[in-house]
Amino acid sequence: MIPLISKREAQKILSSKPGHLDIFLDAGLSLTRISIGEDYAEIEKEKIPLQEFKKIKENSYYIIESGHLQKLAFFSDESNFYYKLMPTADWPTITLSSTPMHRWVIVSPKEDTLSKIKEISPVKGRVLDTCCGLGYTAIMSAKEADEVYTFEKDEYVMHIAKFNPYSQELFDNKKIRLSKGDICKIIYKLEREFFDRIVHDPPTFKYAPELYSLEFYKQLFRVIKKDGILYHYAPWPHRKGKPLYPRIIRNLKEAGFRNAKYSNESSGVVAQK
């Protein structure tokens, strides 16, 4: 386990007297006992000056590197994105530049994921998770599905996921087939009527318009089985501007899907083949 420290943990450490402290260092999964000295905290045999904990900023996680705290964030010249793992009320989220990958302001990442999984219930057979991200959809789908196929083209997102305790099952669960690659290209190689369920949770239209295209929807229709259920997340940030879901519904119907309806609870469109 790589210890993760947010503002919450920093404040507990700074307010503690010298001695032992039981604290969450894995985003709330389990307690770890650490030692507090007069001017340092000892975590995983690393002594970090207490002064460093005063510099921790809100909405960020920090890891320990050579006795110092380093923000779990970085910029990529290749993608031109700034990546950061961010604490929430439950499961962490990831931000690409200033855009969070979950509706964490409205609902927590855990609630967000469960609402999407509910839309494809009963989960069974093979599930296609088109855009992996931190892997929450794949992990939750794998609890009931026989196999989950998930794809992520951004290697930096995968790098962040490896630090996230709630993403570890993505790499360890044998029912999950994780592949690096662009689903827009890979989908042409997938077998016809192979999947029982599909969760299509793309980034915003601005970042990936190809994932909202009629041509891509036709491929989703091709690879899903008859009577299979598709869930398509339809981002509508802060309910401002023109909603995207009417266009999604229109194009899904043109691709062949039926019973396409918008779900306010999950902020997405549910359809069938």
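**Salt bridges, sheets and packing**

K118 counts as exposed in this predicted model, because its relative accessibility of 52% lies over the 50% cut-off for that class. The side chain of K118 meets that of E265 in a salt bridge, with 3.8 Å from N to O. This contact brings together distant parts of the chain: K118 belongs to helix α3 (residues 109-119), whereas E265 sits in the loop between β16 (258-263) and β17 (268-272), and the two are 147 residues apart. E265 itself has a relative accessibility of 49% and is therefore classed as partly exposed, since the exposed class begins over 50%.

The K118 pair belongs to a wider set, as the structure holds 10 salt bridges. Another one joins K153 to E210, whose closest N and O atoms are 3.9 Å apart. Here both partners come from loops: K153 lies between β12 (147-152) and α5 (155-161), and E210 between β14 (195-200) and α8 (214-223), so the salt bridge ties together parts of the chain separated by 57 residues in sequence. Both side chains fall into the partly exposed class, K153 with a relative accessible area of 48% and E210 with 30% relative accessibility.

A further salt bridge connects two strands. R258 pairs with D227, and the closest N and O atoms are 2.8 Å apart. R258 is in strand β16 and D227 in strand β15 (residues 224-233), which places the partners 31 residues apart along the chain. R258 has a relative accessible area of 35% and is partly exposed; D227, at 43%, is partly exposed as well. Salt bridges can also share partners, and in this way D112, K116 and D201 are joined into one network.

Turning to the sheets, one open sheet contains 4 strands in the order β1-β2-β3-β4, paired in the antiparallel sense. Its edge strands are β1 (19-24) and β4 (46-49), each of which pairs on one side only. On average, neighbouring strands in this sheet are turned by 35° against each other when direction is ignored. Inside the sheet, strand β2 (residues 31-36) and strand β3 (residues 40-43) run antiparallel and are joined by 2 bridges. Along this pairing, S35 stands opposite E42 of β3. Helix α1 (residues 7-15) packs on the sheet, where it touches β1, β2 and β3, and its direction makes about 165° with that of β1.

A second open sheet is built from 4 strands in the order β7-β8-β9-β10, again with antiparallel pairing. The edges are taken by β7 (73-76) and β10 (99-100); each has a single partner strand, so one side of each is left without a neighbour in the sheet. Strands β7 and β8 pair over 4 bridges in the antiparallel sense, and S76 has F81 of β8 as its bridge partner. These two strands form a hairpin with 4 residues between them, and N80 in the turn has a positive phi of about 65°. On the next pairing, strand β8 (residues 81-86) meets strand β9 (residues 93-96), once more antiparallel and over 4 bridges. Within that pairing, L85 has I94 of β9 as its bridge partner. As general background, the strands of a sheet pair through backbone hydrogen bonds, either parallel or antiparallel.

Helix α8 gives a view of the packing inside the chain. Its buried residues are F216, Y217, Q219, L220, R222 and V223. These buried residues pack against β11 (126-129), α7 (183-186), β14, β15 and α9 (245-255).

For the chain as a whole, 9 helices and 17 strands are found. The radius of gyration is 21 Å, close to the 19 Å given by the globule rule for 273 residues, so the chain is as compact as a globular protein of that length. The C-alpha trace spans about 65 × 40 × 35 Å along its principal axes. Of the 273 residues, 53% count as buried. Among contacts with a separation of 6 or more, 57% come from residues that are 24 or more positions apart. The chain exposes about 13600 Å², of which carbon and sulfur atoms supply 49%.

Methods
Residues are numbered from 1 along each chain as its sequence is written. This is a predicted model: local features need pLDDT of at least 70, side-chain atom pairs count only at pLDDT 80 or more; totals for chains, interfaces and linings use all residues. Side-chain values use heavy atoms; hydrogens and water are left out. Two strands pair if DSSP finds at least two bridges between them. A salt bridge is a side-chain nitrogen of Lys or Arg within 4 Å of a carboxyl oxygen of Asp or Glu. Buried means under 20% relative accessible area, exposed over 50%, partly exposed in between (1.4 Å probe, protein chains only). Contact means heavy atoms within 4.5 Å. The radius of gyration is taken over C-alpha atoms; the globule rule is 2.2 Å times the number of residues to the power 0.38. Accessible areas come from the Shrake-Rupley method with a 1.4 Å probe; for residues, only the protein chains shown count as cover. Axes are lines fitted to C-alpha atoms, for helices over the stretch in contact, and angles run from 0 to 180 degrees between N-to-C directions.
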